[in-house]
Amino acid sequence: GLIEAAESMGCSPMGIIFRVYLKESIAGIARGTTIAMISLFGLIAMAGAVGAGGLGDFVIRYGHDRNQADVTYVSVIVLVLMISIIQYAGNYIARKNTH
């Protein structure tokens with residue numbers, strides 16, 4: 001129905017793509033991007049655990065290997081906060097663009 005309405009108002013095919021299709025898909029794109037970013041954080045932490053560097057390597061080297069539980073706890077809290085911020089932003093964008 002939206003495409004037919006845009007055609008009847010004289011939109012070009014490129015106008016339909018940008019004004020109808022893209023506008024309708026922003027919520028889905030935001031949800032997919034949010035899931036991908038959160039998965040990336042998990043993969044980065046796991047890669048660090050096997051020696052690729054990054055936050056996972058930091059937690060294992062300084063927290064686990066040196067028995068510094070406070071470093072481990074703070075790193076986990078930082079990760080949870082970053083994931084929560086990403087999740088909140090993604091949900092906000094998706095909610096604002098859902099009809």
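What share of the contacts in the chain with a separation of 6 or more comes from residues 24 or more positions apart? Let's work this out along with the rest of the fold, keeping in mind that the model is predicted.

**Exercise 1. Describe the overall form of the chain.**

Solution.

Step 1: Begin with the opening question. Residues 24 or more positions apart account for 46% of the contacts with a separation of 6 or more.

Step 2: List the secondary structure. The chain has 4 helices and 0 strands, and reading along the sequence gives the pattern α-α-α-α.

Step 3: Turn to the dimensions. The radius of gyration is 21 Å, whereas a compact globule of 99 residues would have one near 13 Å. Along the principal axes, the C-alpha atoms fill a box of roughly 70 × 25 × 15 Å.

Step 4: Add the surface. About 7,200 Å² is exposed by the chain, and 68% of that is supplied by carbon and sulfur atoms. Of the 99 residues, 17% count as buried.

**Exercise 2. Follow helix H2 and find what its buried residues pack against.**

Solution.

Step 1: Locate the helix. H2 spans residues 13–49, and Thr-34 lies in it.

Step 2: Trace its path. At Ile-26, H2 bends by about 45 degrees. After H2 comes Gly-51, which has a positive phi, near 110 degrees.

Step 3: Pick out the buried positions. In H2 these are Gly-15, Ile-16, Val-20, Ala-27, Ala-30, Thr-34 and Gly-48.

Step 4: Find the partners. The buried residues of H2 pack against helix H1 (2–8), H3 and H4.

**Exercise 3. Compare the surroundings of Thr-34 and Tyr-21. Which is buried, and what does each touch?**

Solution.

Step 1: Check Thr-34. Its relative accessibility is 6%, so Thr-34 counts as buried, the cut-off being under 20%.

Step 2: Look at the side chain of Thr-34. It reaches the backbone oxygen of Ala-30 at 2.7 Å. Ala-30 is itself among the buried residues of H2.

Step 3: Look further along the sequence. Leaving aside residues up to four places away, Thr-34 touches Ile-86, Gln-87 and Gly-90.

Step 4: Now take Tyr-21, which is also found in helix H2. Tyr-21 has a relative accessible area of 46% and is therefore partly exposed.

Step 5: List the neighbours of Tyr-21. With residues up to four places away left out, Tyr-21 touches Ile-3 and Ile-16.

Step 6: Relate Tyr-21 to Gln-87, one of the residues that Thr-34 touches. Tyr-21 and Gln-87 are 66 residues apart in sequence, and their C-alpha atoms are 24 Å apart in space.

**Exercise 4. Examine the buried side of helix H3, with Asp-57 as the example.**

Solution.

Step 1: Place the residue. Asp-57 belongs to helix H3, which covers residues 55–64.

Step 2: Judge its exposure. Asp-57 counts as buried because its relative accessibility is 16%, and the limit is under 20%.

Step 3: Name the other buried residues. Alongside Asp-57, H3 has Gly-56, Val-59 and Gly-63 as buried residues.

Step 4: Identify the cover. H2 and H4 are included in what covers the buried residues of H3.

Step 5: Return to Asp-57 for its contacts. Residues up to four places away aside, Asp-57 touches Gly-48 and Ala-49. Of these, Gly-48 is listed among the buried residues of H2.

**Exercise 5. How many aromatic pairs are there, and how is each one arranged?**

Solution.

Step 1: Count. There are 2 aromatic pairs.

Step 2: Take Phe-58 and Tyr-62. Their ring centres are 5.1 Å apart and their planes stand at 45 degrees, so this pair is tilted.

Step 3: Set that pair in its helix. Phe-58 and Tyr-62 are separated by about one helical turn because they are 4 residues apart in helix H3. Phe-58 is partly exposed at 36% relative accessible area, and Tyr-62 counts as partly exposed at 29%.

Step 4: Take Tyr-88 and Tyr-92. Here the ring centres lie 6.5 Å apart with planes at 25 degrees, so the pair is stacked; the cut-off for stacked is under 30 degrees.

Step 5: Set this pair in its helix too. Tyr-88 and Tyr-92 are 4 residues apart in helix H4 (residues 69–96), which means about one helical turn separates them. Tyr-88 is exposed, with a relative accessible area of 56%, while Tyr-92 is partly exposed at 39%.

Terms used. Residues are numbered from 1 along each chain as its sequence is written. This is a predicted model: local features need pLDDT of at least 70, side-chain atom pairs count only at pLDDT 80 or more; totals for chains, interfaces and linings use all residues. Side-chain values use heavy atoms; hydrogens and water are left out. Helices (H or I, at least four residues) and strands (E, at least two) are DSSP runs, numbered from the N terminus. Buried means under 20% relative accessible area, exposed over 50%, partly exposed in between (1.4 Å probe, protein chains only). Contact means heavy atoms within 4.5 Å. A polar contact is a pair of N or O atoms within 3.5 Å; within protein, one must be able to donate a hydrogen and the other to accept it, and residues adjacent in sequence count only if both atoms are side-chain atoms. Rings of Phe, Tyr and Trp (its six-membered ring) pair if their centres lie within 6.5 Å; planes under 30 degrees apart count as stacked, over 60 as edge-to-face and the rest as tilted. The radius of gyration is taken over C-alpha atoms; the globule rule is 2.2 Å times the number of residues to the power 0.38. Accessible areas come from the Shrake-Rupley method with a 1.4 Å probe; for residues, only the protein chains shown count as cover. The bend at a residue is the angle between axes fitted to the seven residues ending there and the seven starting there.
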